[in-house]
Structures are given as structure tokens and as C-alpha cells.
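Subject: Structure handover

Hi,

Here is the structure I promised to pass on. Have a look at it first, and then read my notes underneath.

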Amino acid sequence: MYRLLIFIIFFSNYSMANMKIAPLRVITTEANTTQKFLVSNTGDKSIRVRISPSFVESPMSKYQTRHKNINQKNEDLTPFLRVSPPVISTLMPNERKIIRLRISDIPNNYLSGEYRTHLKFTQEVIKKIKPTHR
């Protein structure tokens with residue numbers, strides 16, 4: 001039976017601490033399941049959030065559960081994950097949206113054991129463009 005750990009990581013063009021995501025960690029032993037995440041804008045400006053599964057290689061040997069050489073070919077589960085919606089086009093201040101993560105069946109050629117993957121949340125401030133008058 002497969003175990004899948006999904007960790008949430010944040011990336012941004014510049015540092016912004018105005019987004020909250022819950023839960024931060026999901027553990028599942030079943031494929032063909034859907035997990036839900038709540039994304040909240042805790043800041044005072046509208047933001048756009050892009051969400052995508054991302055393979056992150058772990059340099060720590062204590063996380064290696066099946067084989068010594070963890071690499072993207074043996075460990076990458078991103079093709080089996082679908083995020084809906086992949087982009088929150090506008091998240092207003094104090095607004096919350098639910099993101100769904102669909103976990104598909106993992107093929108039989110993958111070794112049984114624990115797999116880890118990450119969701120990457122990229123946050124952008126929506127800038128209002130003032131029209132130029134001529």
C-alpha cells in the first residue's frame with residue numbers, strides 16, 4: 001500500500017506574509033482521493049495565487065524510505081496529482097477559497113512504500129494599472 005505525504009511550501013517573488021493555508025500536511029494511504037486545502041488572504045491587498053505539484057528532492061537520509069538514491073525518476077508523483085483550480089485569479093483581503101487536490105492511482109511499477117511530494121503556492125500582488133489619458 002502506498003503512503004503519500006504532501007507538504008505545502010511557499011514561494012514568492014518577494015517576501016509577503018499575508019497568506020494562510022490549512023492543512024499544512026496531508027497523509028493518505030489511498031489513491032483516487034480528493035484532499036481539500038483552505039487558502040486565506042490575511043493581508044490588505046488582493047493577491048493572485050498559483051498552485052502546482054512540485055518535486056523537491058530531500059537531502060536528508062532519514063526521509064529515504066525505500067531506496068538510497070532518491071531521484072526524480074523514482075520519486076516524482078506530480079503526474080498523478082491534479083490541483084483544482086491551479087490559479088486563484090483574485091483573492092481579496094480576508095477572503096478564503098478551497099483548493100482541491102486529486103490523487104490518482106499510482107502505477108504498479110512504483111515500489112510500495114512512502115512517497116512525498118510538495119504543493120508550491122506562488123503568491124503575486126495584483127497591481128491596478130491606471131489608464132493613461134491623452
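Below is what I found when I went through it.

**Confidence first**

Keep in mind that this is a predicted model. The mean pLDDT of the protein chain is 76, with 72% of its residues reaching 70 or more. Confidence varies along the chain: among its elements, β8 has the highest mean pLDDT (92), while strand β1 (residues 3-12) has the lowest (51). Over residues 10-15 the pLDDT stays under 50, and for that stretch the model has 10 contacts beyond four places in sequence.

**The overall picture**

The secondary structure comes to 9 strands and 1 helix. Reading along the sequence, you get β-β-β-β-β-α-β-β-β-β. Of the 134 residues in the protein chain, 36% count as buried. The accessible surface comes to about 8,900 Å², and carbon and sulfur atoms account for 50% of that. As for contacts between residues at least 6 apart in sequence, 74% of them join residues at least 24 apart.

**The cores**

Which residues touch the most other members of the largest nonpolar core? They are Val-39, Val-49 and Phe-121, out of 17 residues in that core. The elements giving two or more residues to this core are β2 (19-22), β4 (33-41), β5 (47-54), β6 (81-84), β7 (87-91), β8 (96-103) and β9 (114-125). Val-49 is a good place to start if you want to browse: leaving out residues up to four places away in sequence, Val-49 touches Met-19, Pro-86, Val-87, Ile-88, Leu-91, Phe-121 and Thr-122. Apart from this core lies another one, of 5 residues, and Leu-77, Phe-80, Ile-106 and Tyr-110 are among them.

**Strand β6**

The side chains of β6 alternate. Leu-81 and Val-83 point to one face and are buried, whereas Arg-82 and Ser-84 point to the other face and are not. β6 runs antiparallel to β8, and 4 bridges join the two. One pairing to look up is Arg-82, whose bridge partner in β8 is Arg-102.

**Salt bridges**

Side chains of opposite charge can pair when their charged atoms come close. How many salt bridges does a search of the whole structure find? The search turns up 3.

- Arg-48 and Glu-124 form a salt bridge, with their closest N and O atoms 3.6 Å apart. Since Arg-48 is in strand β5 and Glu-124 in strand β9, the pair ties together parts that lie 76 residues apart in sequence. Arg-48 has a relative accessibility of 26%, so this residue counts as partly exposed.
- Arg-50 and Glu-124 also meet through their side chains in a salt bridge, at 3.0 Å from N to O. This pair links distant parts of the chain too, with Arg-50 in strand β5 and Glu-124 in strand β9, 74 residues apart. Arg-50 counts as partly exposed because its relative accessibility is 38%.
- Glu-95 and Lys-97 meet in a salt bridge at 3.8 Å, N to O. Both ends come out as partly exposed, Glu-95 at 24% relative accessibility and Lys-97 at 31%.

Taken together, Arg-48, Arg-50 and Glu-124 are linked in a network of salt bridges.

**Two buried residues to look at**

Asn-18 sits in the loop between β1 and β2. Is Asn-18 buried or exposed? Its relative accessibility is 13%, so Asn-18 counts as buried, the cut-off for that being under 20%. Setting aside neighbours within four places in sequence, Asn-18 is in contact with Ser-40, Asn-41, Thr-42, Gly-43, Ile-47 and Gln-123.

The other one is Glu-75, which lies in helix α1 (residues 72-75). With a relative accessibility of 6%, Glu-75 counts as buried as well. Glu-75 and Tyr-110 are 35 residues apart in sequence, while their C-alpha atoms are 8.6 Å apart in space. Tyr-110 is the residue already listed as part of the 5-residue core.

That's everything from my side. Over to you!

Cheers

How values were computed. Residues numbered from 1 in each chain as written. Predicted model: local features only at pLDDT ≥ 70, side-chain atom pairs only at ≥ 80, totals over all residues. Heavy atoms only, no water. Core = buried A, V, L, I, M, F, W, Y, C linked by side-chain atoms within 4.5 Å. Buried < 20%, exposed > 50% of the residue type's maximum accessible area, 1.4 Å probe, protein only. Contact = heavy atoms within 4.5 Å. Areas by Shrake-Rupley, 256 points an atom, 1.4 Å probe, with all protein chains shown as cover. Pairing = 2+ DSSP bridges. Salt bridge = Lys/Arg side-chain N within 4 Å of Asp/Glu carboxyl O. pLDDT = per-residue confidence, 0-100.
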